[in-house]
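Trainee: Got a minute? I'd like a quick tour of this one.

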Amino acid sequence: MKSASLEISFTPADNQRLANLCGSLDENLKQVENVLDVEISRRGEHFSLSGRSDQTKLAAKVLRDFYNQSKQHLSLEQIQLGLVEALNSGKPTTVGDGDINISLVNSPVPASLMTRRSNLHGRTPRQIQYLQQIQDHDITFAIGPAGTGKTYLAVASAVDALERGLVSRLILVRPAVEAGERLGFLPGDLTQKVDPYLRPLYDALYDLMGFDKTSKQFERNTIEIAPLAFMRGRTLNQSFIILDEAQNTTPEQMKMFLTRIGMGSKAVITGDITQIDLPKHQKSGLVDVQDVLTNIRGIAFTRFKSDDVVRHPLVQRIINAYEQHDRRTAEP
């Protein structure tokens, strides 16, 4: 792709909006440069962009979009999320990975999930697909790299279902592989023992419901933590159940968990099969289940990729670099 230069101007000049657009010490412009691989120089309200032709055009569009929002302060998070959306804006509205193909037109997903984050929505086509699948299916699997929103969107959907009265409780499950499922040597009661393993779920709940409301729901047992090792024998009715870090389950544990699902319940199982902490000889239940439950009606799979990452833009590059390294080292 040939390199190109592009000039854009924001007139009449509004110094406050320009300051909001550029950020402190031009931090926002640096984010655009790094993520879109362009160079941006500025003189007053005039901006000069250089780089690959397609990237400079995208950067110009991004700057115009951000300028339209710049009557208010633009946080670094807003800039990074906006860049993620811009990178995915040219993708088709139908998402498919061979196993499933869902039109995103007329999606049954609520216009906004009932959480404290009123602007919460899918940022990429696969995230939109994921939210739709959770609505449509009783069991949904989300498989992909870190930072793609697997856990956060599952918790958001769970909070939404609780707020709408679709379920009566939330149950958060995670295998404590780092402690070998032997939690007895850790200090404190059961909740304190497994807290470190469920911290990402707690963080999402606090963000989506607020600390006080979340604490009250725990006191009422409306939200429950359930270590995977202690799930056997239970039947979970009218519940929204999230199994996080499912790549660290064994096939036997995965079967045990899936057969706990009771009447009126939904389950979301999330994991990253590139970060399995099980012993090398032990097969992951999340890998195994993809073969076992293929084409079972009522069960959906969303397979996230690096371009779905909505964390710091460098995370996507790190994941891509590791994937390329793994391919190189796997070659004979």
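Mentor: We'll go through some helices and some ring pairs. Keep in mind that this is a predicted model.

Trainee: Let's start with α9. Is α9 largely enclosed or not, and why?

Mentor: Largely enclosed by the rest of the structure, because 6 of its 8 residues are buried. They are Pro-251, Gln-253, Met-254, Met-256, Phe-257 and Leu-258.

Trainee: What do the buried residues of α9 pack against?

Mentor: Strands β6, β7, β9 and β10, plus helix α10.

Trainee: How do the axes of α9 and α10 cross?

Mentor: At roughly 65°, and the axes come within 8 Å. The α9 helix covers residues 251-258, and α10 covers 285-292.

Trainee: Is that crossing left-handed or right-handed?

Mentor: The crossing of α9 and α10 is right-handed.

Trainee: Which residues meet there?

Mentor: From α9, Pro-251, Met-254 and Leu-258. From α10, Gly-285, Leu-286, Asp-288 and Val-289. By class, the contact has 5 nonpolar, 1 polar and 1 charged residues.

Trainee: Switching topic. How many aromatic pairs are there in the whole structure?

Mentor: A search finds 7. Take Phe-10 and Tyr-67: their ring centres are 4.3 Å apart and their planes sit at 20°, so that pair is stacked.

Trainee: Where do Phe-10 and Tyr-67 sit in the chain?

Mentor: Phe-10 is in the loop between β1 and α1, while Tyr-67 is in helix α3. They are 57 residues apart, so to speak of distant parts of the chain is fair.

Trainee: Are those two buried or exposed?

Mentor: Phe-10 is buried, because its relative accessible area is 6%, under the 20% cut-off. Tyr-67 is buried too, with 9%.

Trainee: What about Phe-141 and Phe-301?

Mentor: Their ring centres are 4.7 Å apart and the planes are at 10°, so this pair is stacked. Phe-141 lies in strand β6 and Phe-301 in strand β11, 160 residues apart. Both Phe-141 and Phe-301 are buried.

Trainee: Which rings form a cluster?

Mentor: Ring pairs link Tyr-202, Tyr-206, Phe-211 and Phe-218 into one.

Trainee: Back to α3. What span should α3 have, and what does the model give?

Mentor: With 16 residues at 1.5 Å a residue, α3 should span 22 Å. Its end C-alpha atoms are 23 Å apart, which agrees.

Trainee: Which residues of α3 are buried?

Mentor: Among them are Gln-55, Thr-56, Leu-58, Phe-66 and the Tyr-67 we met earlier.

Definitions and conventions: Residues numbered from 1 in each chain as written. Predicted model: local features only at pLDDT ≥ 70, side-chain atom pairs only at ≥ 80, totals over all residues. Heavy atoms only, no water. Axes fitted to C-alpha atoms, helices over the stretch in contact; angles between N-to-C directions. Helix = DSSP H or I, 4+ residues; strand = E, 2+ residues; numbered from the N terminus. Left-handed = near helix turned anticlockwise from the far one by under 90°. Contact = heavy atoms within 4.5 Å. Nonpolar A, V, L, I, M, F, W, Y, C, P; charged D, E, K, R; others polar. Expected span 1.5 Å × (residues − 1). Buried < 20%, exposed > 50% of the residue type's maximum accessible area, 1.4 Å probe, protein only. Phe/Tyr/Trp six-rings, centres within 6.5 Å; stacked < 30°, edge-to-face > 60°.
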